[in-house]
Amino acid sequence: MAAPWEEYAGTATAPAPWEEYGGKSEPKGPPVSRMEKFLTGAADPIHGGAQLLTKMLPDSVVQAGNSANNWLADKTGMVARLPEGGVDQQVREREQAYQAQRAAAGEQGFDGYRVLGNVASPANVALASKLPAAATFGGRVLAGAGGGAATSALNPVTEGDYATEKAKQIALGTAFGGAVPAVMGGAARVVSPNASTNPQVQTLRQEGVRTTLGQSLGGWANTAEQKLMSVPVVGDAISSARRGAAEDLNRAAFNRALAPVGQKLPANLSGRDAVQYVDDALSAGYNKLLPNLTAQADQQFNAGIGSLRQMVQTGAMDPRAAKSFDRILQNDVLSKFGGKQAMTGETLKRVESDLGQQISRLGASTDADQRLIGDALQQVRAELRTLVERSNPGQAKELKALNTAWANFKRPQRAAGALGAEDGIFSPAQLQNAVKALDRSKDHARFAEGRGLMQDLSGAGKSVLGNNVPDSGTAGRLMLGGGASLLDPTMTAPVLLGGGALMYTRPMQGLLSGAVSARPQGAKTAANALRKSSPLLVPLGAQVGLGLLN
């Protein structure tokens, strides 16, 4: 059977194969220049605006305007004569002529240069410059949708029923115009996520706290991650990763205590073992110095001890416990000062050792009053150490470092002893409570102002990590929750769950959270520039949508 075009062989009218099957035809006329396309697009809002105006005005007004236009055309030639159908017919004929020119040149499809001309037209430039730069994402989307509707309202309707086509144009322009801020906002979030500009996330990263991806991103991502903790297998992995972040916070607090004396917590220690290690390390530092020092009781020391005594006597402590504290204070500390209200280095060392033993014994008690006595004795030891620093200016630098380390250590030490701190692993909230409780300023003023000792770390932990230390997961939960079904190769769900669990290994979470929280210095500036540029790009988004429709 002959091909369709063979019937026409040898004739001047034989169509090419691609014409028969609706493909792109051979050019029959000169190409439309880029400038022509651009200028056609720049004039579109003028023609579309005139067309819209004639549809909005009463017919009598439109007819009067058309008659006036044609009188000027006949008498002066300064304007083009309108056809019988007025502006609407003129706009449609203009479009038909332009598309016929494109078709003759073998062109079809999206007309990019015309879209650019439309966006660059004075009407759309003025419109874009007037769009509000909203501060919120919702406000930017709303402004973009309004701008897209406005610019599409100025587009000509060249075929079909005017009202129906105009409604389509406005709907499409609204959708694409509103999408521009969303797209630019998404690009800005990729360039500079909130995690990369969140100072609390950065504080934790600098302290070596490895947050999970959800904790780094915050908001909905953190909420979703928390909800996933109830899912078998994956939930155990997430709990373990989040517990690891809490343990990192513990380690960071202990390292804050050891930093002034140039030490760090060994990698294998946590919880109560970490508390004991730091206590021993700082005590060893004092014991090394104390034999060569003296302590001369002064007015500041006496005032501090007197104030502490009054607080114990008038506080919530049982009177018998208050008497017990007073007896230890008198026998183990104050009586050791000689007639000249001085204490030798060897005596200081014994007093320091006795106080340490008392504090350790009382702090481990299940009786609340006994623990309060231990807290009060810690303050006595702090007052004594400050006195030693004042009495020995030659060793002031070393003593100040030890006292600073000790002041830092008291915060995680108290948090590790709080009720609910399982195995001595404390939560961010427990650390925050310890920071507040040990703020000795009037009415906790320093804490209220955010300037409490170690509050930057505890506050960041509470905000980013949450209030609790999650359970790390158990083998029993893993098996009962679906881990055993991994043995069945026909089930795909456990495989997916296992893959999700793999994502929550510490190395993988380190990579993911680092990717969203570490950015170059200029990333924030670039992200802000993207967000601010969205109003200027709204007409482009709307016109691209309309161009695709056409």
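**Exercise 1. Helix α4**

Task: Identify which residues of α4 are buried, and test whether the span of helix α4 (residues 86-104) agrees with its number of residues.

Solution.
1. In this predicted model, the buried residues of α4 are Gly-86, Val-87, Asp-88, Val-91, Arg-92, Glu-95, Tyr-98 and Arg-102.
2. The helix holds 19 residues, and at 1.5 Å a residue these should span 27 Å. The expected value is 1.5 Å times one less than the number of residues.
3. The C-alpha atoms at the two ends of α4 are 27 Å apart, which agrees with the expectation.
4. After α4 comes Gly-106, with a positive phi near 80 degrees.

**Exercise 2. A salt bridge inside α4**

Task: Determine how the side chains of Arg-92 and Asp-88 meet, and state whether Arg-92 and Asp-88 are buried or exposed.

Solution.
1. A salt bridge joins Arg-92 and Asp-88, with an N to O distance of 3.0 Å. The cut-off for such a pair is 4 Å.
2. Both residues belong to helix α4 and are four residues apart, about one turn of the helix.
3. An α-helix has 3.6 residues a turn, so residues three or four places apart point the same way.
4. Arg-92 and Asp-88 are both buried.

**Exercise 3. From α2 to the loop after α4**

Task: Characterise the salt bridge between Lys-37 and Glu-107, and establish which parts of the chain the pair ties together.

Solution.
1. The closest N and O atoms of Lys-37 and Glu-107 are 3.1 Å apart.
2. Lys-37 is in helix α2 (residues 34-56), whereas Glu-107 is in the loop between α4 and α5 (112-120), so the bridge ties together parts that are 70 residues apart in sequence.
3. Lys-37 counts as buried because its relative accessibility is 11%, and the cut-off is under 20%. Glu-107, with a relative accessible area of 21%, is partly exposed.
4. The pair belongs to a network of salt bridges that links Lys-37, Arg-102, Glu-107 and Asp-111. Of these, Arg-102 is also among the buried residues of α4.
5. The whole structure contains 22 salt bridges. Another of them joins Glu-449 and Arg-451, whose closest N and O atoms are 2.4 Å apart; Arg-451 is partly exposed, at 43% relative accessible area.

**Exercise 4. A nonpolar surface patch**

Task: Name the residues that form a nonpolar patch on the surface, and place Leu-72 in its helix.

Solution.
1. The patch consists of Trp-71, Leu-72, Met-78 and Val-79, which together have about 430 Å² of accessible area.
2. Leu-72 lies in helix α3 (residues 59-75).
3. With a relative accessible area of 36%, Leu-72 is partly exposed. This value meets the patch criterion of over 30%.

**Exercise 5. The whole chain and its confidence**

Task: Summarise the make-up of the protein chain, and locate residues where pLDDT stays under 50.

Solution.
1. The chain has 26 helices and two strands. Of its 550 residues, 40% count as buried.
2. The accessible surface is about 29000 Å², and carbon and sulfur atoms account for 58% of this area.
3. Among contacts between residues at least 6 apart in sequence, 69% join residues at least 24 apart.
4. The average pLDDT is 81, and 84% of the residues score at least 70.
5. Over residues 1-23 pLDDT stays under 50, and the model has 16 contacts beyond four places in sequence for this segment. Over residues 474-493 pLDDT also stays under 50, with 17 such contacts.

Technical notes: Residues numbered from 1 in each chain as written. Heavy atoms only, no water. Buried < 20%, exposed > 50% of the residue type's maximum accessible area, 1.4 Å probe, protein only. Patch = residues over 30% accessible without salt bridge, like charges linked within 9 Å, V, L, I, M, F, W, Y side chains within 5 Å. Areas by Shrake-Rupley, 256 points an atom, 1.4 Å probe, with all protein chains shown as cover. Contact = heavy atoms within 4.5 Å. pLDDT = per-residue confidence, 0-100.
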